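Grab a pencil and work through a few short exercises on the structure shown here. Try each task before you read its solution.

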Amino acid sequence: GSVLPNITGTYLLDCDGGGTVTASGASVSNVQTVDGHTTADVIISSNEVDLDINFSTAVSNVTLLRPGYARGTTQLTTDEFQDFISPFSCIRFMNLQNTNWADGAEASVRMSYLAGSERQWSERPSASGSWNRDWGISVEAIVQICNECSKDGWFCFSHIDSTDFVQNCLAYIDENLNADLHMYIEWSNETWNYAYGFYQSG
């Protein structure tokens with residue numbers, strides 16, 4: 001069966017804003033705010049907790065690093081993830097890119113972010129934004145993951161991506177992906193597939 005990871009240890013919190021920082025499921029120490037930037041240590045002592053972090057003022061640019069990583073690191077993938085994918089030669093990013101559109105309601109939400117009927121390069125996911133947004137992970141993050149893990153990538157363009165988006169995206173990949181790696185390109189996802197979640201997306 002599956003084994004749950006050990007989540008205990010000291011996590012490093014960084015954010016802009018913050019004020020007083022408290023947490024349920026953990027203790028908080030070494031809270032410091034300098035020029036509007038707050039840092040703190042969040043200590044989890046049990047594997048059987050839900051963590052909630054609370055701030056007394058509005059925050060932005062929040063990061064919480066797992067134990068074993070230095071504050072300010074630019075590493076995007078964990079050591080455990082890199083070990084897990086070591087037997088594989090390629091990472092497919094379809095789900096992280098939110099390639100499949102499940103229904104009309106979801107399509108309406110996604111299209112509401114766009115000025116027209118096609119996604120332009122200027123409307124791509126932010127490199128520093130949340131990966132849970134409707135348009136998924138950024139191309140910058142995809143390239144960084146491939147480079148960090150020394151793996152080829154499998155990139156899925158959305159069926160509404162414009163020529164402008166595709167050309168700029170491919171140019172970024174060409175300029176920033178390590179020279180010894182490859183990026184495989186797919187238009188949408190299995191456009192031949194009539195199963196639910198596929199035919200709506202192609």
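**Exercise 1.** Find how many disulfides there are, counting a pair of cysteine sulfur atoms within 2.5 Å as one.

*Solution.* Step one: recall that a disulfide is a covalent bond between the sulfur atoms of two cysteines. Step two: try Cys-149, whose closest cysteine sulfur, in Cys-146, lies 7.7 Å away, so that is too far for a bond. Step three: try Cys-156, where the nearest cysteine sulfur belongs to Cys-90 and is 10 Å away, so Cys-156 is in no disulfide. Step four: the count by this rule is zero disulfides.

A quick word on ground rules: this is a predicted model, where local features need pLDDT of at least 70 and side-chain atom pairs count only at pLDDT 80 or more, while totals for chains, interfaces and linings use all residues. Residues are numbered from 1 along each chain as its sequence is written, and side-chain values use heavy atoms, leaving out hydrogens and water.

**Exercise 2.** Sort Cys-149, Cys-156 and Ser-45 into buried or exposed.

*Solution.* Step one: get the cut-offs, which are under 20% relative accessible area for buried, over 50% for exposed, and partly exposed in between (1.4 Å probe, protein chains only). Step two: Cys-149 has 9% relative accessibility, so it's buried. Step three: Cys-156 is buried too, at 2%. Step four: Ser-45 comes out at 70%, so it's exposed.

**Exercise 3.** Work out which elements supply the largest nonpolar core.

*Solution.* Step one: a nonpolar core is a set of buried Ala, Val, Leu, Ile, Met, Phe, Trp, Tyr and Cys residues joined through side-chain atoms within 4.5 Å. Step two: the largest one has 21 residues, and those with the most contacts inside it include Val-139, Phe-155 and Cys-169. Step three: helix H3 (139-149), strand E8 (152-157) and helix H4 (163-176) each supply at least two of its residues; helices (H or I, at least four residues) and strands (E, at least two) are DSSP runs, numbered from the N terminus. Step four: H3 gives the most, with seven residues. A second, separate core of seven residues includes Leu-13 and Ile-44.

**Exercise 4.** Find which strands pair with E1 (residues 9-17), E4 and E6 being the ones to check.

*Solution.* Step one: strands pair if DSSP finds at least two bridges between them. Step two: E1 and E4 pair antiparallel over eight bridges, with Cys-15 partnered by Thr-38 in E4. Step three: E1 also runs antiparallel to E6 (residues 59-65), joined by five bridges, and here Leu-13 stands opposite Leu-64.
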